[in-house]
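Q: I'd like to learn how to read a structure like this one, feature by feature. Can you walk me through it?

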Amino acid sequence: MTYQIFYSFRRESRNALEFERTLRLDALTGLKNRTAFFEDARDLIAGGKPFTIFFIDLDNFKSVNDDYGHVMGDLYLKRFSKSFSTVFSAFGTFYRISGDEFVFLHINGKFDQLVHQKIERFDMRVYDGVPFKGFSMGSASYPDDGQDLNTLVAVADKQMYKEKNVRCGRRKSSPCVAENN
């Protein structure tokens, strides 16, 4: 009986840990999610450790879903996530925040221009006949650009939208403007 109680307790403990882990992962891409990002970044701020966030929004993602279907759109998101993570895992952690929005958390001190340039040049090429549409990006560094996470996210998000408008050079109704899909 004691063994059964111990075994049940241990199994429930493992189930609870697995449930806790899945709450911090994006089901589609397997990346850490928004919850995990906010927890990780707040821990860095609490410890006073400098970092940079890169807010990334895929360009023209709606057209991928419209032209190739939502199944291919999901594959596009998975491929982007895997490709980006593979290239940049040595520099930080990649999170899927929602839809076609991602955050890369770089924890090597102050803003690293080399990482920024490398991210700007990232290209996934063509995947199953779907050309890579690119992305727009904004960044913010702690503590230089803000002392709290909400400020940092707002700064990076504003820069991303500014870049998207410049890169796409289009009106607000353009498919290149950030969308929530």
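What follows is a short dialogue on confidence, burial, salt bridges and nonpolar cores.

Q: Before anything else, how far should I trust the model, and where is confidence lowest and where is it highest?

A: Start with the confidence scores, since this is a predicted model. The chain averages a pLDDT of 84, and 80% of the residues score at least 70. Element by element, confidence is lowest in α1, at a mean of 60, and highest in β1, at 97.

Q: Which stretches have a pLDDT below 50?

A: Residues 171-175 are one such stretch, and beyond near neighbours in sequence they have three contacts in the model. Residues 177-181 also fall below 50, though that stretch has 18 contacts in the model beyond near neighbours in sequence.

Q: Let's take one residue. Is L31 buried or exposed?

A: For this, look at relative accessible area, where under 20% counts as buried. L31 comes out at 9%, so the residue is buried. You'll find L31 in the loop between α1 (2-22) and β1 (32-33).

Q: What does L31 touch, leaving out residues up to four places away in sequence?

A: Contacts like these tell you which parts of the chain come together around a residue. With those neighbours left out, L31 touches R24, L25, D26, S81, S85, F94, Y95, R96 and F102. You can also check a pair by C-alpha distance: L31 and I97 are 66 residues apart in sequence but 9.4 Å apart in space.

Q: D26 and R96 are both on that contact list. What do their side chains do?

A: They meet in a salt bridge, at 3.1 Å from N to O. The bridge links distant parts of the chain, with D26 in the loop between α1 and β1 and R96 in strand β3 (residues 92-98), 70 residues apart. Both D26 and R96 are buried.

Q: How many salt bridges are there?

A: The count comes to six. One of them is between the side chains of K32 and D40, again at 3.1 Å from N to O.

Q: Why does K32 count as partly exposed, and why does D40?

A: Partly exposed covers the range between the buried cut-off of 20% and the exposed cut-off of 50%. K32 is at 33% relative accessibility, so K32 counts as partly exposed. D40 has a relative accessible area of 21%, so D40 is partly exposed too.

Q: What about K164 and D57: are they buried or exposed?

A: Both are buried, and their side chains meet in a salt bridge at 3.1 Å, N to O. K164 lies in helix α6 (residues 149-168) and D57 in strand β2 (residues 51-58), so the pair ties together parts that are 107 residues apart in sequence. Salt bridges with shared partners join D57, D59 and K164 into one network.

Q: Now the greasy part. Which residues have the most contacts inside the largest nonpolar core?

A: That core has 23 residues, and the ones with the most contacts inside it are I56, L58, F80, F84, I119 and F135. Next, ask which elements supply it. Those giving two or more residues are β2, α3 (61-68), α4 (70-88), β4 (101-106), α5 (113-121) and β7 (135-142), and α4 gives the most, with six residues.

Q: What does F135 touch, not counting residues up to four places away in sequence?

A: The list is I56, D57, L58, D59, F80, I119, F122, E163 and R167. There's also a second, separate core of 19 residues, which includes F38, V103, L105 and Y142.

Notes: Residues are numbered from 1 along each chain as its sequence is written. Side-chain values use heavy atoms; hydrogens and water are left out. Helices (H or I, at least four residues) and strands (E, at least two) are DSSP runs, numbered from the N terminus. Buried means under 20% relative accessible area, exposed over 50%, partly exposed in between (1.4 Å probe, protein chains only). Contact means heavy atoms within 4.5 Å. A salt bridge is a side-chain nitrogen of Lys or Arg within 4 Å of a carboxyl oxygen of Asp or Glu. pLDDT is the predictor's confidence in each residue, from 0 to 100. A nonpolar core is a set of buried Ala, Val, Leu, Ile, Met, Phe, Trp, Tyr and Cys residues joined through side-chain atoms within 4.5 Å.
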